[in-house]
Each structure stands twice: as structure tokens, then as C-alpha cells.
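Student: I am new to this structure and would like a close look at one part of it, namely how the charged and aromatic side chains are paired. Please take me through these pairs slowly, and then place them in their wider setting.

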Amino acid sequence: MQIRFSLYSAAVLTLAPIALHAEAVSAAPAAKAPATAATSTTPEKPFYSASERDAQMGRFYKVTQVKAPAGIDSQVGALSVLKDGRIVAAFHRGDVGILNPEKEQWSIFAEGLHEPLGILEEADGSLLVMQRPELTRLRDTTGSGKADSYESVLNDFGMTGNYHEFAFGPVRAPSGKLYVGLNLASSGDTVHEEVRGKWLPIGLDRKEFYGDWKKASKEAGRMYSRVPWRGWILELDPLTGKSTPFASGFRSPDGLGFDAEGHLVVSDNQGDWRGSSELHVVKKGGFYGHPASLPWRENWGKVAPLDVPIETLDKLRTPAAVWFPHLSYANSPTQMVLIPKTPAWGPYGGQFVIGEMNVPKLLRVTLEEVDGVWQGACYPFVETSQLQAGLHRLAFRGDQLWFGRTHLTWAGGENLGVVEPVGPAPMDALAINLTKTGFKVRFTRPLDSSSVDPTLWKIRRYTYAYHKEYGSPELEQEILAPTAVVLSEDGFTADVTLAELHENFVYDFYLEKLRAADGEKLLNVRAAYTLRRKR
Amino acid sequence: MPTPRVLGSIVGMFVAVPFGLAAAPDAGQAASGQAASGQAASQPASNEKVVEQKSAQSPAKSPSKGAPKPKNVSLRMAEGLRFDPPRFETKPGELLAFNLENVDISHQPHNFVIVQPGMVEEVVKLSMEMAASGASPGALPKHPGIIASSADVINPESKAVLQFKVPETPGVYGYVCTVPGHGVVMYGAMYVGVPMPLLSKDTNIPQVTLEKGLAGGGKRPFVQRLFMPNSGPASIGVALPGTQNYCFDSAECRVRYAWSGLFMDGSQYWRGSGKELAELGDAPWWTSEAFPLRFKGRELKAGDFKFLGYSLKGEFPEFHFKAGSQEVFESVQPSENGIVLKFRLPGISSNVLVHVDSSAYWSSPEGVVAKGGFRIPAAKAGEFSVLIQPKEAFETAASKTSAPSASRPAPSPSPSPSPSPSPSNP
């Protein structure tokens, strides 16, 4: 075992050189918002050029393109793998197609759905599809190969007709219960003349929604919830058909999933009350930060959510387990699925892979629970121009990672594709776990013994504001170097000691100077741990 | 904006107004003349030209009283050198009124030329040759394949009406803009008595129209859920076989309105952020005022309904919902002039009242005229149908159809003779 101490005894090498909001610096950054949400960071120059990166990625991953069925809109809202190995996808205009990958043949199973964004097969072969207005069970009762029964399974939630009220899911818990996520409405538009569900009498008067919207929108909240359960996760018992509001505080919960132990995880997008994009581990009754959904809680009273002091909201909320640092890691993370524990995926088995809308990148996520608090890290995973942008939906078919792209009116792509690992795992930071004094960083291959030199490690620490403005700059930024780095005997794990640890900060690792014992460079040189609770 | 709805009590109006299937022609005219708010929208605009069909084979008659009313077909000339819709279905011998409108935002003039099956290419070629030899751009080619055309070019932001009698010979007739250079991509297909293939497999239309937004690509029957005008956000559009379409509101569990002609265009929604409403192929000829069934005299309110889905086992989707404690299955089928609501009420053991509204003619073979509409006796309430017809079509329908047991026209302020029994209060 080698131990080498840093020449620098002080951990802090540089003080936040680009913090624009000195007044925002505080011990409780989450509760004290800077005046504006201007982005303080320009995107950093990537370590690899795009062509270099593609070439490196090509050594480890093969990407195959798959076309959507001819003649239909090829934006993928939902994707799943059936028990028999066929692929099922739902498309922007409401078609549900089933692909036999061996024959490369699509058949259309259902049509005419309203913006389907999730699909899940049931034990009897029927398909649950989440569309804007409802969760629908599609069944082929005649054996024709086309659905003839469109059963409405869950529709007791509100809709205003606002374009941003997307509906996501379903995902199935080990218990068999189903979970769906309901978006907030956006102040980018008002509501329809007719709405479904009870109108919330709290906040901007409904008649203002039909007047000068440009003017009124400023008071509606950037994102708003004026009919039931917008901004909520709902739980459905498929046996009884009964649905229950499960957790609140969401903005745009595009990705829902379960970890191997049955914890519900939900991704959400950077925006108001979301300094950067987030991943939450969701428990019943929890509130996950966006206040618009709060008045639908039992016994809420009559206070408009925007009138609640930030300090109160901050106490009420469970912060995200993982921040996806904006721009450098993800702009708009999507669905997460568990990587299979197979030889092909090797060390990554059991971790989450998650899609991203704006850049051709898949990320990984690891989670751990410290003193009842969920936290974890995200890692760039597969990044190659062949993926293209818009990686919206993911599903594993054996070792094949299928993806479906979409864009709507945002950045993104169309059609589908497959990622498969080729050859041995690359050199990557595999997982970061918190210790009492710093972090244990596990790699996919043994590190070179030189890695104990703390000057080869760079860690940037920063946090994000919790506030009603859109996004947040990186706040209270510091660049750190470990005080010590100790390698495990097998060389796979580096025990990184820092002079001090702060809760509610991102620890963003820059690992480009490290090498594997076999001389290999890291394929991905970054990893970001969100520290919520010290050990 | 929502279509104005009559919310007043119809019951009171009925008591005073004689009605009946017998409805003499003048009664029907009186009725169609007095309300029909949906029709007003299709009145000619000020800059509209009415163009007589130029055709030797099927001369159009000028519209006169007693002549059959032509079926309106909206056809727009749009930017990107395209006709909207790029295709439509019609019956041999049918009398059509093309409402032509140049909505091309790139401000180009267009014309509208109907040609015999398979003749699009030849006519386009001829127009190019004419242009090359110095003919004016709007000049119509002279070709035996041309059946009818607009009199001359239709300028941007202008409209024209072309009356046209559909040939008796079934086939895929082309329509094309012969302004030089346009016809290569600016053409469409009129399906006369032959089935339309899927839009994606249609070789009679330009490939660019695949991007067009007609829900279902012209397929009938077709169900498309989308944001629809004058209905709730959880609406379902249905294109029935033939020419009828309707909107079913899954929150209120009722048909909200019906229209004929083209189904709906969702391209604004599908291309945009998802905030736009679908565009209906035509203005609705009937807009419902309320859920039409009353069980035990009780009027159901919003919140009393629970949508359970629909099935596509037959040619028509059958909706399934609960209205109060009553389970209801409802399908909508086309009738000659309108639609038929077919209800199945499992386990019903009492009379059902069908409450009619004022914007269409209602009838029911199982119904007995009652205050506010029809009473369906308990014995027949397990399965019954309600025919709803446009006011303007009623007259023609009435003269052809054998009288159902009960029917109700829309209330009319002018009394008309009627051999039907007087309304009886249940």
C-alpha cells in the first residue's frame, strides 16, 4: 500500500474565481437565493475532441441505428421490451408499434393515442400506456395482432390543456403497484376554456387565465398546478383500480424507475426551483421541492405556494439525491433503467443508465443511503455522435440497450437505436461512495500506483440555489485537492481524503490525469457526487 | 372560442311547439332557416367568386330551390405547393361544391383542375410546354383529360366555389394546379367509389403530404385522441366510415359534436409544442348541450361520470363509462344524413329519458315522445338507438325514410302542421 501526501497542505487551492453572486454565499445556500439565475459557467472545453471521443467510444461500444415504422412520426415517447423479446414503442402522434428485431419488421399495434410517454407490459401480455389524459390498458382480445380494447385504467387527475402537462410512467414496484408522474403546466401558455378536474381556488384568479396572459403569467408561477395532482407522483393499485396521490413537488418528472431494492427514483428537469436537473429517491408523502403542487396536499390551507417563505419550503422538502450539473453533465436527463448484471456490461451491472435530451450522451447514476438520506453520483457513460441527441427512452433487451429519441419543440432527435458493449470494459470511475473523511472512488481497472499523488486529482465543489428563478449558477465554487489518496491493495479503489466536507454541495471530480495500471486513460474523465449528509 | 350553447329549458319550448317526423317540407325549411348556427360559418366570404363548372361531361346546374344541395368540400391551396387535403373520398354521381381557398403564405396564385384517372402527369407536361411557348402563366391547358377547373387562377387570400358533379365511373381522379412548375408536386387524388389506401401507401398523392397532419392519414374508421376545439382536454376524435366525424369528451362521457367531411388536422399540435387544438374538417352540424340520458329523471352533473375506455371490436368504437351508478356502452354509427347513438345499458330496469337539444333533429325507433325528448320504456332500455340529423338534411331524410316511432325536430318558433301525436307528459 502506498501513501503519498500532497505537497499542498491546504485543501483549497483556488477560491471561487467565477462566482458572480458573492452575496449569495452562505452556510445554507439552498435557502438563500441569488438575485438572478444567470449561468455563471461557460461550458468547459471537453477533454476529448468530438472525433477523438467518438474513436475512443468506438473501441468499447457499438451503436446501431433503427428506423421507426415508415409513414408515421418517428419521435419515440415510450419504449419497452416485451417478454418475448420484441420491442414496443409509442410514437408522438399516438401510434404504438411492435418490432420484431430479428425480422426487422414493425407492426402497428395501436393508434390514435394522445402523446404517449410511457409503456409497460403486464403479466397477461396487455400493454399499459401513459398518454396525456390517462393510463390506458391496450389488449388484443381477438388475436388479430392489433389492440381492440382501450381500457381507461387511471384518469382521475386534472388536465387544463396546457401543453406542458405531460404524463409519464408507468413503472411497476416489486409489490405490483404502479406509479405515474404528472407534469406541471407552464406559464408559457394559459389553459383551455374547459379543464378536467376541480380548479384550485388558491392563487391567481381563474378569470385571469383568459385575459391578457402575457401580463397574468407573471403571477401564475413559472410552472403551475391548478388542477389536481399536477406536480405529483400517483400510485395505482392495478388490482383494485384505486389511485392515491403518492408524493409532491415535481416539475417535469420525465423519468421514473426502480432500483434493485425497490426504491422509486424520479428524474426532474432544471428550471424554476430546480437549480440543476435532479434525481430523487421518492417516498410516500414526500415533498420534492417544487412548491406549485403543495396546495393539493391534505390540510394545506389557503396559502398560495409562492407566498410561502423559502425557508419554510426548504425545511419541508427532501432535496435531490443527485444533481446532474447543468451543461457539463446533462441539460435534460430522461429515463433511467438498471444495467443488467451480465458479463457484457461487466462492472456496470446493477447501476442506473439515464438518457439525456440535448447532447448525444448516456450517463450512469449510483445511489447510497447515509443516515436515512439518499445521495449519490452521476457519471458520463457513453458519449458519441452516433447516439445523436434526444435520448428519451431506454430499455434493455438482453445486453442490447435500446434507445428511442424525441424532440417535440426542444433539442433532440428521432428514431431508435441500440448500444452494445464490445470488448472489455473501458477504464472508468465506476462508483463514488462517501467516507467519513472524503470519498472512496472505485474504478473499472486497477489504478496506476502514481494515482496516490493528490496533485493528479482535481475536485471542484459548488452548489445550486433553491429558488423560484429558472436554474441556478454554480455557487460557492472552490477547487480542491485531496490531502491524501490511498489505493486499495487490488488498486481498484482510491480512498480520497479531503480537509473538510460540506453538505449540500456537488463534488465534481476531474480525473483526466489518472491512468490505469495498464496505461489506459479514462474513457470518461468526470464524475459528480452530491453530498447531502456527512457520515 | 366555444360554440354558443343553448342552455335554456327546452321542455317549455316543446310544449308549445308542434313537431313530428311528418314535418312537412315547409316545417323543415322553417327549422333550418331559423337557427343552424354551425352553418353560418360556411357562408361565402366577401372576396369569393362563385365559379360555374366548365365541363361538357357533367354540367353543373345552378343552385335552385328543389335541386339537391351539394356537399361542401373545403380545399385549400397552401404554401409548399400543396393542396390541403391532398386527397378525399366521394361517391359516384355526387354533387359537390368545392370551397377553394388560396391560403399560400408565399403569395403565389394557384388554380384547381380536375382530371381523369392517371392524367395528372400528362396535363402537367402540357402546361409546361404551353409556358415554354409563351402562354400566360394562368392559362389552362386544353386537354381531353381535363374534366373541370376553376375559371382562372385563384389569387392569394382569395376564395372561389366550384360546383362539380362527380363522374359515375369509379376511379382515382386527380386534381392539380397547372400554374407552370406547380403541378409536379401540387396535385391530389379524389377517390370515387374506390377505397383509399393508407396515406403512407398512397401513390396517387405527392410524397410530401406524408407530413400532412390529417389524423389517421385519411383512414376510416379512425380514433384519435387530441386537444379538440369546444370540448374538454381529454377529447377523442372519431372518423366514421363514410363522411361523419364526432368528438367524444371522455371527461363528460358524451358526444360533444359531430361534423361531416374531412376528419381533423392535428399538424399544429404535432409540429408545435402541443398547445394547439386540432382543426376540424368542417364546422360541426350538431353540438350537444348535455349528457342526453336521464335515469329515474335525474340529471347527471359533471363528476357523476367515470370513463372506462373503448373497444374497437366492430367497425365503430364503443365507449364504456359509468353515468352515476349506471354502466353505459355507447357507439356512434353513421346514418344517411347524420349519426346514430347506440346505447347499451346493462341491468337497466326503469325507463330512460332521452333529453334532446335544439341544434338537430332527433328520433328513436324505441322511443316514445315525452316531455323534453323521448322516453325509452324499461323493456327496451337495455339496447336502443337515437338518430341525430342535421336540420338542413332532415327534410330530404324525412321524405325517404319510413317514420320511426318517435322523432323530434329542433324547436321552432313557427308552428307547423303535424300528424304526430301531441307531446305527452310522462
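**Charged and aromatic side chains**

Tutor: In this predicted model, the side chain of A:Lys458 is placed over the face of A:Tyr510, with a distance of 4.1 Å to the ring centre. A charge over a ring is also found at A:Arg461, which lies over the face of A:Phe505 at 5.7 Å from the ring centre.

From there we can turn to rings that pair with other rings, of which the structure holds 46 aromatic pairs over all chains. In one of them, the ring centres of A:Trp345 and A:Phe396 are 5.5 Å apart and the planes stand at 90°, so this pair is edge-to-face. A:Trp345 sits in the loop between strand E22 (333-338) and strand E23 (352-356) of chain A, while A:Phe396 belongs to strand E26 (residues 391-397) of chain A, so the pair ties together parts that are 51 residues apart in sequence. As for their surroundings, A:Trp345 and A:Phe396 are both buried. Rings also gather in a group that draws on chain A and chain B, for A:Tyr150, B:Tyr246, B:Phe248, B:Phe291, B:Phe305, B:Phe307, B:Tyr310, B:Phe319 and B:Phe321 form one aromatic cluster.

Next come the pairs of opposite charge. Over all chains, the structure holds 40 salt bridges. A:Arg137 makes one of these with A:Glu122, and the closest N and O atoms of the two are 2.5 Å apart. Since A:Arg137 lies in strand E10 (residues 134-139) of chain A and A:Glu122 in the loop between strand E8 (118-121) and strand E9 (127-131) of chain A, the pair ties together parts that are 15 residues apart in sequence. A:Arg137 is buried, as is A:Glu122.

Strand E10 also takes part in another link, in which A:Glu151 forms a salt bridge with A:Arg139 and the closest N and O atoms are 2.9 Å apart. Here distant parts of the chain are linked, with A:Glu151 in strand E11 of chain A and A:Arg139 in strand E10 of chain A, twelve residues apart. To judge how open these two are, recall that residues between 20% and 50% relative accessible area are called partly exposed. A:Glu151 has a relative accessibility of 24% and therefore counts as partly exposed, and A:Arg139, at 30%, counts as partly exposed too.

A further salt bridge joins A:Arg526 to A:Asp508, where the closest N and O atoms are 2.7 Å apart. This pair links distant parts of the chain, as A:Arg526 is in strand E36 (residues 526-531) of chain A and A:Asp508 in strand E35 (residues 505-510) of chain A, 18 residues apart. At 14% relative accessibility A:Arg526 counts as buried, and A:Asp508, with a relative accessible area of 0%, is buried as well. Elsewhere, salt bridges that share partners join A:Glu194, B:Asp249, B:Glu252, B:Arg254 and B:Arg256 into one network.

That network brings us to the place where the chains meet. There, 34 residues of chain A are in contact with 41 residues of chain B, and between them the two chains bury about 2,900 Å², with 50% of it on carbon and sulfur atoms. Between chain A and chain B the count is four salt bridges, and B:Arg225 forms a salt bridge with A:Glu134 in which the closest N and O atoms are 3.0 Å apart. The two chains also share 16 residue pairs in polar contact. On the side of chain A that touches chain B, the largest share, four residues, comes from strand E11 (residues 149-154) of chain A.

For contrast with the buried charges, consider A:Lys315, which is found in helix H3 (residues 310-316) of chain A. With a relative accessibility of 73%, A:Lys315 counts as exposed. Its C-alpha lies 9.8 Å from that of A:Gly289, a residue 26 positions away in sequence.

Finally, the wider setting of chain A. Its secondary structure comes to three helices and 36 strands, and 63% of its 535 residues count as buried. Among the contacts in chain A with a separation of 6 or more, 63% are accounted for by residues 24 or more positions apart.

Terms used:
Residues are numbered from 1 along each chain as its sequence is written. Chains are lettered from A and ligands numbered from 1 in the order in which they are written. This is a predicted model: local features need pLDDT of at least 70, side-chain atom pairs count only at pLDDT 80 or more; totals for chains, interfaces and linings use all residues. Side-chain values use heavy atoms; hydrogens and water are left out. Rings of Phe, Tyr and Trp (its six-membered ring) pair if their centres lie within 6.5 Å; planes under 30 degrees apart count as stacked, over 60 as edge-to-face and the rest as tilted. Helices (H or I, at least four residues) and strands (E, at least two) are DSSP runs, numbered from the N terminus. Buried means under 20% relative accessible area, exposed over 50%, partly exposed in between (1.4 Å probe, protein chains only). A charge sits over a ring if NZ of Lys or CZ of Arg is within 6 Å of the ring centre and within 35 degrees of the ring normal. Contact means heavy atoms within 4.5 Å. Buried area is the accessible area (1.4 Å probe) that two parts lose on being put together, summed over both. A salt bridge is a side-chain nitrogen of Lys or Arg within 4 Å of a carboxyl oxygen of Asp or Glu. A polar contact is a pair of N or O atoms within 3.5 Å; within protein, one must be able to donate a hydrogen and the other to accept it, and residues adjacent in sequence count only if both atoms are side-chain atoms.
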